[in-house]
Amino acid sequence: MSTSSNRRDFLKTLSVAGAGLTAASLATRQTRAAVSPQTGKSVMGLVVDPLETVRVAFIGVGSRGGGHVGRMLKVEGVEITAICDSHAPAAEGARARCVKAGHPEPRLYVGSDTVYREMLECDDIDVVLIATPWKWHTPQCIHAMESGKHALVEVPAAVTVEECWQLVDTAERTQKNCMMLENVNYGRDELMVLNMCRQGLFGDLLHGEAAYIHDLRFQMKSVERGTGSWRTHQYIKRNGNLYPTHGLGPIAQYMNINRGDRFDYLSSVSSPALGRAAYAADKFPPNHKWNQVKKWNCGDMNTTMIKTALGRSIMVQWDETSPRPYDRLNLIQGTKGTFAGYPNRIVVEGRGSTHRWTQGAGLQPYYEEFDHPLWKRWGAEAKKVGGHGGMDALMLWRLIYCLRNGEPLDQDVYDAAAWSVIGPLSEKSVADRSNSVDVPDFTRGAWKTGKPLGIVS
Ligand SMILES: NC(=O)c1ccc[n+]([C@@H]2O[C@H](COP(=O)([O-])OP(=O)(O)OC[C@H]3O[C@@H](n4cnc5c(N)ncnc54)[C@H](O)[C@@H]3O)[C@@H](O)[C@H]2O)c1
């Protein structure tokens, strides 16, 4: 082949690649164009005036929100002023809990899906904690921020790409906090591993593995009310990783996502959807509504691969349907070592063989050396208050501490958006033969200069 034809082929290849790039960046822009342009300044590292007493209101006090009320009652400097739940008995139960604990009686807002709006008009509320079904998270967060309140929201914060942008836009416009309550970031092991990463124990980080593998089929037994009554419909309608944040949140903090690196693109694959139909056939009569479902869409196991801007790889898995022991993987690998969870194991260059895990009692010296200062100070008390081994209590204590002391929260709206968006983007990739999908940069470029989360003393 002549040199000129080689050159022509080379130019042709370049222009095809160029066309591909243009199409990809166009697609990203189209996603962004669906939302309003930036109307406020960045809320990265947002600090608000210290609140002496934090006046908290709740929306949704079912299984999760009810637990949060109990734990919040034990946090110093908190006053629970109002409670809203569309289901009156749930709100009444939470109010009774406050009174029994010797706290003033909060006002109740009950009886409809929109009565929370009335509550948000009141000016004796600083912070609203939202623990409702997923479809309500973003609308209620937006309304809370628009009403001058900080929003704390259960996971995932949003279920569509557009909702993620709406959260970011609203937080920037109102200069309010919007924190997703990713409690797993406050687990003892996760905090310790964060500390290890910050101290460079694993060298340069290369790869992470995250998961939420939890057999939750029993939730289908809540048919009229309770978690299964709304969550089961998600497995019918959608197909992807519907609950990515528990495993991913800690890995994102290890890797400084949004603070030095960011999620760039992902590719996702789902297994067949068989477990829910099999469970329904086994546990419910043939005429039961779960046995009338024509098609369960959501693959029992979803595996999503994320590539970051710095080139790191992350595997995220999700399965709430298979008979399999609980697992969040919690694996972080760098040039000098690896930590993995379930069960906890570690390998560090220069600290024993790199061909064998150190585990069990062998991990004790690592806890002594690397336990996170937050856990050292509050871990024992948090364990007593409880909630997933103390992580829930520690999370609430820490965020109230930050609000009372004028410090930025550990998780901001950009984290809420980036961690939650993996759900809808995985759906998009699964529906398109696992083709890769760009992850929007919710920080609008601020990730390049964002400061990594510090290890508080
Ligand atoms: N972080 C965790 O470890 C964890 C654990 C469990 C659940 N969650 C999350 O908590 C949230 C709630 O889950 P759950 O298991 O408590 O569900 P649930 O069904 O037990 O509770 C939801 C409550 O919200 C109320 N509600 C529904 N719509 C409402 C509305 N428009 N206004 C006011 N109240 C409304 C319901 O009456 C119910 O009491 C979900 O987002 C879930 O993903 C998180």
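A residue counts as near a molecule if its C-beta atom, placed from the backbone, lies within 6 Å of it. The exercises below concern a predicted model.

**Exercise 1. The ligand shell**

Determine which residues come nearest to the ligand, and which elements each supply at least two residues of the shell around the ligand.

*Solution.*
1. The ligand has 24 residues around it, and those that come nearest are Gly60, Gly62, Ser63, Arg64 and His87.
2. At least two residues of the shell are supplied by each of helix H2 (63-72), strand S2 (78-85) and helix H5 (134-146).
3. H2 provides the largest share, 3 residues.
4. Sorted by class, the shell consists of 10 nonpolar, 10 polar and 4 charged residues.

**Exercise 2. The sheet of 6 strands**

State the order of the strands in the open sheet of 6 strands, and explain why one side of S3 and of S6 is left without a neighbour in the sheet.

*Solution.*
1. The order is S3-S2-S1-S4-S5-S6, and the pairing is parallel.
2. Strand S3 (107-110) and strand S6 (178-180) stand at the edges; each has a single partner strand, so one side of each lacks a neighbour in the sheet.
3. From one strand to the next, the twist averages 20°.
4. Within this order, strand S1 (residues 54-59) pairs with strand S4 (residues 127-130) in the parallel sense over 4 bridges. Val127 in S4 is the bridge partner of Val56.
5. Two helices may now be placed. Helix H3 (residues 88-100) lies across S1, S2 and S3 and runs at about 165° to S2. Helix H13 (residues 391-404) lies across S1, S2, S4, strand S5 (150-153) and S6, at about 135° to S1.

**Exercise 3. The sheet of 9 strands**

Identify the strands at the edges of the open sheet of 9 strands, and describe how S7 and S11 are joined.

*Solution.*
1. The strands follow the order S14-S13-S12-S11-S7-S10-S9-S8-S15, with mixed pairing.
2. The edges are held by strand S14 (358-359) and strand S15 (437-438), each with a single partner strand, so one side of each has no neighbour in the sheet.
3. Strand S7 (residues 205-213) and strand S11 (residues 331-334) run antiparallel and are joined by 4 bridges. His207 has Gln333 in S11 as its bridge partner.

**Exercise 4. Gln234**

Decide whether Gln234 is buried, partly exposed or exposed.

*Solution.*
1. Gln234 belongs to helix H8 (residues 227-237).
2. A buried residue has 20 or more other C-beta atoms within 10 Å of its own, and an exposed one has 12 or fewer.
3. Gln234 has 18 other C-beta atoms within 10 Å and is therefore partly exposed.
4. Gln234 and Cys298 are 64 residues apart in sequence, while their C-alpha atoms are 7.9 Å apart in space.

Technical notes:
Residues are numbered from 1 along each chain as its sequence is written. This is a predicted model: local features need pLDDT of at least 70, side-chain atom pairs count only at pLDDT 80 or more; totals for chains, interfaces and linings use all residues. Ala, Val, Leu, Ile, Met, Phe, Trp, Tyr, Cys and Pro count as nonpolar, Asp, Glu, Lys and Arg as charged, and the others, Gly among them, as polar. Two strands pair if DSSP finds at least two bridges between them. Axes are lines fitted to C-alpha atoms, for helices over the stretch in contact, and angles run from 0 to 180 degrees between N-to-C directions. Two residues are in contact if their C-beta atoms, placed from the backbone, lie within 7 Å.
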